[in-house]
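Here are some exercises to work through with the model open beside you. Try each task before you read its solution.

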Amino acid sequence: MIQRFGQTAVRRYLQAAVFSLPDTYAQPNRFVNIQTAFADFVSLIFPRVCLACEEALRRGEQHICTNCRVELPYTGYHTLAPAQNPLARRFWGKVPLRYTLSYLKFLRRGRVQHLLHQLKYKGQQEVGQVLGQWYGAELAAQGFAAEFDLIVPVPLHPRKLAQRGYNQADSFAEGLASALSAPWSAHALRRTAHTKSQTQKNRVERWQNVANVFEVTESSAIAGKRILVVDDVLTTGATLEACAAVLLAAGAQEVSIATIASAELA
Ligand SMILES: [Zn+2]
């Protein structure tokens with residue numbers, strides 16, 4: 001009873017205080033200005049920085065600065081005919097892919113490596129979302145909007161997922177899905193074995209490492225569909241090749257792949 005009375009009294013006091021303010025303070029614009037000023041003040045103490053170059057973001061910039069957006073090393077693969085696409089050629093004779101897409105060129109010690117590191121190890125899933133939306137919008141403009149029935153991120157093993165707390169490919173799938181107006185599913189594929197790190201292996205070893213670790217959870221969700229498999233980075237392509245193979249074996253009509261970045265083979 002006392003508590004309720006107390007709350008009412010405080011509310012009446014605040015209402016009275018607001019109504020007694022000069023008119024300018026009650027204007028909606030003024031309120032927005034105060035919010036903006038407060039946001040500027042907060043960013044002065046905790047500057048929001050670009051996830052690619054670490055420079056402070058300016059007002060209106062979200063996650064990646066305008067300069068980086070202009071300067072990122074785009075592949076432009078989606079504008080090339082398959083025979084001209086160097087990434088598509090890497091899969092020839094291995095697994096049939098409809099489209100072989102990658103947004104950025106992976107360059108060591110550059111902005112792209114920094115972005116991928118933020119996404120994979122620093123919890124910055126906005127990297128995947130933003131790049132997925134930007135790439136999805138470009139793909140839609142290029143006529144890809146109705147080309148995919150389902151977007152499927154390469155899954156992590158459940159133990160790895162529990163360690164990291166999220167799959168770094170999910171946010172990219174989500175961003176692409178929203179820009180392409182296509183559904184995505186984190187559960188269409190399952191990783192059944194916990195594979196060792198791929199980084200110290202050659203191409204054959206990498207393929208042996210992932211050849212039997214993926215399975216389709218429900219064939220009816222895949223059969224007859226045009227699937228886009230997505231991942232953060234493509235190096236040898238062994239992981240995406242393995243995913244495409246099981247999806248085709250489960251009855252997918254066709255499989256395409258898209259990654260945030262791809263490394264050029266030495
Ligand atoms: Zn930047």
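The exercises below go from the whole chain to single residues.

**Before you start**

This is a predicted model, in which local features need pLDDT of at least 70 and side-chain atom pairs count only at pLDDT 80 or more, while totals for chains, interfaces and linings use all residues. Residues are numbered from 1 along each chain as its sequence is written.

**Exercise 1. Take stock of the protein and its confidence scores.**

Step 1. Count the elements: the protein has eleven helices and six strands. Helices (H or I, at least four residues) and strands (E, at least two) are DSSP runs, numbered from the N terminus.

Step 2. Check the confidence. The average pLDDT (the predictor's confidence in each residue, from 0 to 100) is 86, and 80% of the residues score at least 70. Over residues 1–5 the pLDDT is below 50, and this stretch has zero contacts beyond near neighbours in sequence. Residues 17–26 also have a pLDDT below 50, with three such contacts in the model. Two residues are in contact if their C-beta atoms, placed from the backbone, lie within 7 Å.

Step 3. Look at burial: 35% of the 266 residues are buried. A residue is buried if 20 or more other C-beta atoms lie within 10 Å of its own, exposed if 12 or fewer, and partly exposed in between, with C-beta atoms placed from the backbone.

**Exercise 2. Work out the strand order of the open sheet and find what packs on it.**

Step 1. Trace the order, which is β1-β6-β5-β2, with parallel pairing among these four strands. Two strands pair if DSSP finds at least two bridges between them.

Step 2. Find the edges. β1 and β2 (150–153) each have a single partner strand, so one side of each is left without a neighbour in the sheet. From one strand to the next, the twist averages 20 degrees.

Step 3. Zoom in on one pair: five bridges join β1 and β6 in the parallel sense. Ser102 stands opposite Thr259 in β6.

Step 4. Add the helices. α9 packs on the sheet, touching β2, β5 (226–234) and β6, and its direction makes about 130 degrees with that of β5. Helix α11 (residues 238–249) touches β5 and β6, at about 165 degrees to the direction of β5. Axes are lines fitted to C-alpha atoms, for helices over the stretch in contact, and angles run from 0 to 180 degrees between N-to-C directions.

**Exercise 3. Compare the span of α7 with its expected value, then describe its packing.**

Step 1. Helix α7 (residues 126–141) has 16 residues. The expected span is 1.5 Å times one less than the number of residues. From first C-alpha to last, α7 reaches 22 Å, close to the 22 Å expected.

Step 2. Its buried residues include Val130, Leu131, Tyr135 and Leu139. The buried residues of α7 pack against β1 (100–105), α6 (111–121), α9 (168–180) and β6 (254–262).

Step 3. After α7 comes Gly143, with a positive phi near 95 degrees.

**Exercise 4. Which is buried and which is exposed: Glu54 or His63?**

Step 1. Most residues other than glycine have a negative phi. Glu54 has a positive phi of about 70 degrees, and phi of His63 is also positive, near 70 degrees.

Step 2. Place them: Glu54 is in the loop between α3 (28–45) and α4 (66–71), and His63 lies in the loop between α3 and α4.

Step 3. Glu54 counts as exposed because it has 12 C-beta neighbours inside 10 Å. His63 has 20, so His63 counts as buried.
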